[in-house]
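Colleague: I would like to go through the packing and the charged pairs of this model. Could you take my questions one at a time?

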Amino acid sequence: MAYEIPLPERVAVISQQDIVGGAAETERIAQFLRENGIPNVSWGVLQDAALVDRIESGEFDLLIALGGDGTMLKTGNLAAPLETPILGINLGHFGFLTEIQHGEWRNRLPLLLTGQYRLEKRMMLRAEHLREGRCLSDWHVINEVVVCRGQFVRPIQVEVQVDGYKLARYVADGLIASTPTGSTAYALAAGGPILPPELRNILIMPVAPHLSMDRAIILSEGSSVTMIVHTTHDAVMSVDGRPPLPMIEGDTVHVSANERQVRFVRFSDPGYFYQNITAYMDQSPLTGS
């Protein structure tokens, strides 16, 4: 298999601080890489500010992330601006985004060292939270943007526009705007379709709709989405599972395709997605670390 980038020379092996055994495993992998010809290897946790600064400065040409999909999302947001590839080793409960299962890395990493891999480039989104025309925050998104009710168990109303044209007014617990990558995350739990990872389409998926449109909609490539909140009680937005941000009546979230892409190292051919989907669906959908 031909490789798409030079063999890595500067690698960071990272995990989450709270993963049991993660620190010891990162050190073992780092030592393995050094013994097998990678000259510059560092390791640590995502909570290490100094290591994060080094990653964000572009010091590494590959990140190896140990954990579940949550770890992959955090690592992806660090790596995407620099187009730094990520190789995921699953130490979590669920691993749609990881490439290697725990206990298999000694057999799989030699493929990396001999160039027998490819880069899978996945769409990202850009989300802006607007209030009275002023941007309060903006985000780079790998999985999804969620606008939903807060602590009160009452639906909110969300007016949706696609490319400036009114699509629908949802009455629901929430609304998801997802990438194809995110179609196997919260959108899947809400009953949405699974999209192949190479697509560049936004998926709109309501959560527990109340007497309103209850179908998922897949937009044309290049389309953007505007979600306008109408509520008299708590509403929030969340990006890729981050802590929720409060929203008030009239707040708007604008979602569009991002110029950035997240890049994952893959050893298997592109058909892996379909080969693995049934195995993943048979697992208990617990949150990854």
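Colleague: Is Arg 28 buried, partly exposed or exposed?

Modeller: The model is predicted. Arg 28 has a relative accessibility of 41%. Buried means under 20% and exposed over 50%, so Arg 28 counts as partly exposed.

Colleague: Which residue forms a salt bridge with Arg 28?

Modeller: The partner lies 3 residues away in helix α1 (residues 22-35), which separates the two by about one helical turn. Residues three or four places apart in an α-helix point the same way, because there are 3.6 residues a turn. The closest N and O atoms of the pair are 2.6 Å apart. The partner is buried, with a relative accessible area of 7%, and is Glu 25.

Colleague: Which residue meets Arg 169 in a salt bridge?

Modeller: Arg 169 is in strand β10, and its partner, in strand β9, is 10 residues apart from it, so the pair links distant parts of the chain. Arg 169 is partly exposed at 37%, whereas the partner is buried at 15%. The N to O distance is 3.8 Å, and the partner is Glu 159.

Colleague: Which residues are joined into one network by salt bridges that share partners?

Modeller: The structure holds 14 salt bridges. Those that share partners make one network of Glu 99, Arg 108, Glu 120, Arg 122 and Arg 266.

Colleague: Where do the buried residues of α2 lie around the helix?

Modeller: Helix α2 (residues 49-56) has Leu 51, Val 52 and Ile 55 as its buried residues. Seen down the axis, these fall within an arc of 100°, so they line one face of the helix. Their cover includes β1 (10-15), β2 (40-45), β3 (62-67) and α3 (69-79). The answer is one face of the helix.

Colleague: Which residue caps the N-terminal end of α2?

Modeller: At the other side of the question, α2 is followed by Gly 58, with a positive phi near 85°. At the N-terminal end, a side-chain oxygen lies 3.0 Å from the backbone nitrogen of Ala 50. That oxygen belongs to Asp 48.

Colleague: Which residues touch the most other members of the largest nonpolar core?

Modeller: This core has 28 residues, and the elements that give two or more residues to it include β6 (118-131), β10 (165-178) and β16 (252-266). One of the residues asked for, Met 227, touches Val 145, Val 147 and Val 255, among others. A second, separate core of 22 residues includes Phe 32 and Trp 105. In the largest core, the residues are Val 145, Val 147, Ile 204, Met 227 and Val 255.

Methods. Residues numbered from 1 in each chain as written. Predicted model: local features only at pLDDT ≥ 70, side-chain atom pairs only at ≥ 80, totals over all residues. Heavy atoms only, no water. Core = buried A, V, L, I, M, F, W, Y, C linked by side-chain atoms within 4.5 Å. Buried < 20%, exposed > 50% of the residue type's maximum accessible area, 1.4 Å probe, protein only. Helix = DSSP H or I, 4+ residues; strand = E, 2+ residues; numbered from the N terminus. Contact = heavy atoms within 4.5 Å. Arc of directions from axis to C-beta. Polar contact = N/O pair within 3.5 Å; in protein donor to acceptor, adjacent residues only side chain to side chain. Salt bridge = Lys/Arg side-chain N within 4 Å of Asp/Glu carboxyl O.
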